[in-house]
Structures are given as C-alpha cells and as structure tokens.
Amino acid sequence: MGKKLVMAQKRGETRALCLGVAMVACAVITYYILGTAMLPLFQKSVWTQESTCHLIETNIRDQEELEGKKVPQYPCLWVNVSAVGRWAVLYHTEDTRDQNQQCSYIPRSLDNYQVARADVEKVRARFHEHQVFYCFSATRENETSVLYRRLYGPQALLFFLFWPTFLLTGGLLIIAMVKINQSLSILAAQK
C-alpha cells in the first residue's frame, strides 16, 4: 500500500508541475503578445495631460452637410471645446480620431440610421447637461484636438497585465509548493 501511495503522489506532483509550467508559459506568451500589440499603442498615445474642457458648441452633421467630402452615411457629432486656454475639437477616443476626423463621436450602430441618430442625440444631450468635464490633451502646443476618453491609458495597461500576472504568480506558486513538498518528503524519508 505504501508503494501505491508513493506512485500516486509522484503522478500528482508531475501533473502539478506540468500545470505550473504551462501557466508560466502561457503568461510569458501573453506578456509577449501584449508587449508587441498594446505597449506601442500606449507609448504612441500623446494625450497624457488631463485638463478641464468647457463646451463651446455641438453640432450633428449629416452627409450632405460635410462640404461634398466623401464620408460614411451616418450622423456624426461635432464638438468644439475650450481646453488649456485654447479652442479644440473633442474626439471620443483615439480610434474615433483615426476613423473620421470630421466626427467627434461615431455612433455604435451604423446599420440603422434612426438608431444611430438617436444615439448621437443622446450623447449631445449629455454634453449639454455637463458643459464642464475632464478631457485629455496633448502636451504639444500646436495640437488642436483633445480626447474625452483614452483607450490606451495607464488603467487599460494595468487591466491588460492583470491576468498574465495572475497566471505567472499562480504558476510559480504551484511549482514552489510542489518543490517544497518534495524536499519535505525527502527530509521525512531520511529520518
């Protein structure tokens, strides 16, 4: 019976070690992917200065109001604000600015025009309710745009690094517990 118990214990230790090593390997792979995909976006983000924005005007633009330029067929919200002592255009996120520089806010549902228009009207009403709010501006002097919300800020980076860190810590703890158990078993067998 003692030999069966030792064999079962060794199999369990081997499985636990494999689990710990697999968790550490997954964490390292995830760190690599995040380091190559998310870290450059975080470093590229120039909107690091938090400032107070004062609403100047909002305007809902349809396709025919955009001076003949080719844009997607959805209503978009244009927001002008005063930030850091100068006039600026407010963009919802970094991606909004990259998608269409003529829109401050792009609605979520672009399939149905009426739903998109209602979404834009709701956002516009929120801006009129809260005319002073926090925004993110660039440290450059000639920058004429600000962001309402940063996608690639420090909070997002910490959120993305939580699970790989959890995996790495858990895997290392499992490996350490198995090794401590093995060394205690050896010490107990020697006595």
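This is a short tour of a predicted model, going from its barrel to its cores, one buried threonine, its aromatic pairs and a helix.

**Stop 1: the barrel**

Start with the strands. Five of them form a closed barrel in the order E1-E2-E3-E5-E4, and the pairing is mixed. From one strand to the next, the twist averages 55°. Now select E1 and E4, which pair in the antiparallel sense over six bridges. Within this pair, His54 stands opposite Val132 in E4. Add helix H4 to the selection: H4 packs on the sheet and touches E1, E2, E3 and E4. The direction of H4 makes about 130° with that of E1.

**Stop 2: the cores**

Next, show side chains. The largest nonpolar core has 16 residues. Select Cys53, Leu77, Val79, Val81, Leu90, Phe127 and Val146, the members that touch the most other members. Which elements give two or more residues to this core? They are strand E1 (49-61), strand E2 (76-83), strand E3 (86-91), helix H4 (113-129) and strand E4 (132-137). The most comes from E2, with four residues.

Centre the view on Val79. Apart from neighbours within four places in sequence, Val79 is in contact with Leu55, Glu57, Thr58, Ala88, Val89, Leu90, Ser104 and Phe127. One of these contacts, Val89, leads to a second, separate core of six residues, which also includes Trp47, Ala138 and Leu147.

**Stop 3: Thr58**

Go back to strand E1 and select Thr58, which has its place there. Is Thr58 buried or exposed? Its relative accessibility is 8%, and the limit for buried is under 20%, so Thr58 counts as buried. Draw two distances from its side chain. A polar contact of 3.0 Å joins the side chain of Thr58 to that of Arg124, and another, of 2.7 Å, joins the side chains of Thr58 and His128. Leaving aside neighbours within four places in sequence, the residues in contact with Thr58 are Leu77, Trp78, Val79, Arg124, Phe127 and His128.

**Stop 4: aromatic rings**

The count of aromatic pairs comes to seven. For one of them, select Phe127 and Phe133. Their ring centres are 5.4 Å apart and their planes lie at 55°, so this pair is tilted. Both Phe127 and Phe133 are buried. Add Tyr148 to see one aromatic cluster, formed by Phe127, Phe133 and Tyr148.

Then move to Phe159 and Phe160. Here the ring centres are 5.8 Å apart and the planes are at 65°; planes over 60 degrees apart count as edge-to-face, so that is the class of this pair. Phe159 is exposed, with a relative accessible area of 58%, whereas Phe160 is partly exposed, with a relative accessible area of 33%.

**Stop 5: Ala27**

Finish at helix H1 (residues 2-37) and select Ala27, which lies in it. Why does Ala27 count as buried? Its relative accessible area is 0%, so it falls under the 20% limit. Not counting residues up to four places away in sequence, Ala27 touches Pro164, Leu167 and Leu168. Add Leu161 as well: Ala27 and Leu161 are 134 residues apart along the chain, and their C-alpha atoms are separated by 9.7 Å.

Key: Residues numbered from 1 in each chain as written. Predicted model: local features only at pLDDT ≥ 70, side-chain atom pairs only at ≥ 80, totals over all residues. Heavy atoms only, no water. Core = buried A, V, L, I, M, F, W, Y, C linked by side-chain atoms within 4.5 Å. Buried < 20%, exposed > 50% of the residue type's maximum accessible area, 1.4 Å probe, protein only. Contact = heavy atoms within 4.5 Å. Pairing = 2+ DSSP bridges. Axes fitted to C-alpha atoms, helices over the stretch in contact; angles between N-to-C directions. Polar contact = N/O pair within 3.5 Å; in protein donor to acceptor, adjacent residues only side chain to side chain. Phe/Tyr/Trp six-rings, centres within 6.5 Å; stacked < 30°, edge-to-face > 60°.
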